[in-house]
Each structure stands twice: as structure tokens, then as C-alpha cells.
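Reader: I have a model open and some notes to fill in. Can we go through it piece by piece?

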Amino acid sequence: MLSSLSSLQNLPWDLQIAKNRLTELPLFEHEIKQRMYPAIYRMGEYIIKKREIGNEMYFLSQGTVEVCSGDGKTVYSIINKGSFFGELGVLFNVPRTASVRAFDDCYCMILTRDNLEVVLRYFPNIATRFRQVAESRMAEVKRMIQYKQMLEYQQKMEAVKEE
């Protein structure tokens, strides 16, 4: 076993990075899981409410959730088991950009901001990727907000023209 590990140290740089990521990910997952706690949400129950301060993020172990407007009338997207949500408020320390409602009965594992920050400090490669995904989602939310504002403006202009 030791001889096979020492031979891995002589790999080209890109393979060395891949090896580091392969060994890093299980350790990261273990550390994250040690700091999470479970919660069950029933169909129709709100998990996150728009504009609340986000101190936790959620890993969806079972079920499906809807990302929706604050009033719940508009569904922006669906998130299935195996994914996570609520990371924007946690990573960017901003109010929740949307509500999240259980589409059916859901089982989530919850991770607090403080615990996430502790773990990410020890795994800089994963932290970078995690933040990239979160930044991409934040950019998508901003585009949706801008699009909604543009539609509202157009509707107001149409209403003024009709008067």
C-alpha cells in the first residue's frame, strides 16, 4: 500500500490535483456530516421564507422542494433529492432571495453557516468550487430579478399608454 501511495506522488501535476481531490472529498464529506443535524418537512411546509436571514443551508436527502416567490404563487425551480439549497444566504450573508417549500414530504440535513465556514477553511479546493456554484446561482437569481423588474416596468408602461 505504501509503495502505491509513494508512486502517486510522482504523477504529473494535473493527475496530482485529481488525486488530491479524490482523497479530499471523502474527508470533506465526513467533516460536513459530523456537523449536520436532521429535519423533516411535510408537503406544503415552508423550509425557507424569502427575506429571512440565512444562517443554515439544507441538503435534501429525500423528497422534492419548490423554489418560489415570497407569496408562493410563482415557482422558479424544483430541487430534487441529492442537491442542496439555502447556500446563498449562508455564503453571502444576504437575506433569502426566494422561499423554499416542500413539494412532498422531505428529509433534510441542515448545516449552519458557522460549521460550514469551519470545514471550508480546511478544504480550499472544495471551498473554491462551492463558492463558484453559489456565485453562479446568485447571478441567476439576479438575472431573474432584473427580468421580473423589466416585465413589471413594461406592464406599467402599457398601462400608461392605455390611459
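Reader: Start with Arg42. What is its relative accessibility, and what does it count as?

Author: This is a predicted model, and in it Arg42 has 48% relative accessibility, so it counts as partly exposed. The limits for that class are 20% and 50%.

Reader: Which residue does Arg42 form a salt bridge with?

Author: Asp105. The closest N and O atoms of Arg42 and Asp105 are 3.4 Å apart.

Reader: Which parts does the pair tie together?

Author: Arg42 is in the loop between strand E1 (37-41) and E2, while Asp105 is in the loop between E7 and strand E8 (106-112), so the salt bridge ties together parts 63 residues apart in sequence. Asp105 is also partly exposed, at 40% relative accessibility.

Reader: How many salt bridges are there in the whole structure?

Author: Four turn up in a search of the whole structure. Another one of them joins the side chains of Arg143 and Glu140, at 2.7 Å from N to O.

Reader: Where do Arg143 and Glu140 sit?

Author: In helix H5 (residues 124-162). They are three residues apart there, which means a separation of about one helical turn. Arg143 has a relative accessible area of 46% and is partly exposed; Glu140, at 37%, is partly exposed as well.

Reader: And Glu31, what does its side chain meet?

Author: The side chain of Arg35, in a salt bridge of 2.8 Å from N to O. Glu31 is partly exposed with a relative accessible area of 28%, and Arg35 is partly exposed at 26%.

Reader: Change of topic. Strand E4: mostly covered or mostly open?

Author: Mostly covered. E4 spans residues 64-68, and five of its five residues are buried.

Reader: Which way do the residues of E4 point?

Author: Thr64, Glu66 and Cys68 point one way, Val65 and Val67 the other, and all are buried. In a regular strand, side chains alternate between the two faces of the sheet.

Reader: What order do the strands take in the sheet?

Author: E2-E7-E4-E5, four strands in an open sheet with antiparallel pairing. Strand E2 (46-48) and E5 are at the edges with a single partner strand each, so one side of each has no neighbour in the sheet. From one strand to the next, the twist averages 30°.

Reader: How many bridges join E4 to E5, and how many join E4 to E7?

Author: Five bridges link E4 to E5 (residues 75-80), and these strands run antiparallel. Four link E4 to E7 (residues 99-102), also antiparallel.

Reader: What stands opposite Cys68 in E5?

Author: Val75. On the E7 side, the bridge partner of Cys68 is Ser99.

Reader: And which residue of E5 is the bridge partner of Val67?

Author: Ser77.

Reader: How many residues lie between the strands in the hairpin of E4 and E5?

Author: Six residues, and in that hairpin Gly72 takes a positive phi near 80°.

Reader: Sum up E4 for my notes.

Author: E4 has five of its five residues buried. The strand is bridged to E5 and to E7, and it follows E7 and precedes E5 in the sheet order E2-E7-E4-E5.

Note on methods: Residues numbered from 1 in each chain as written. Predicted model: local features only at pLDDT ≥ 70, side-chain atom pairs only at ≥ 80, totals over all residues. Heavy atoms only, no water. Buried < 20%, exposed > 50% of the residue type's maximum accessible area, 1.4 Å probe, protein only. Helix = DSSP H or I, 4+ residues; strand = E, 2+ residues; numbered from the N terminus. Pairing = 2+ DSSP bridges. Axes fitted to C-alpha atoms, helices over the stretch in contact; angles between N-to-C directions.
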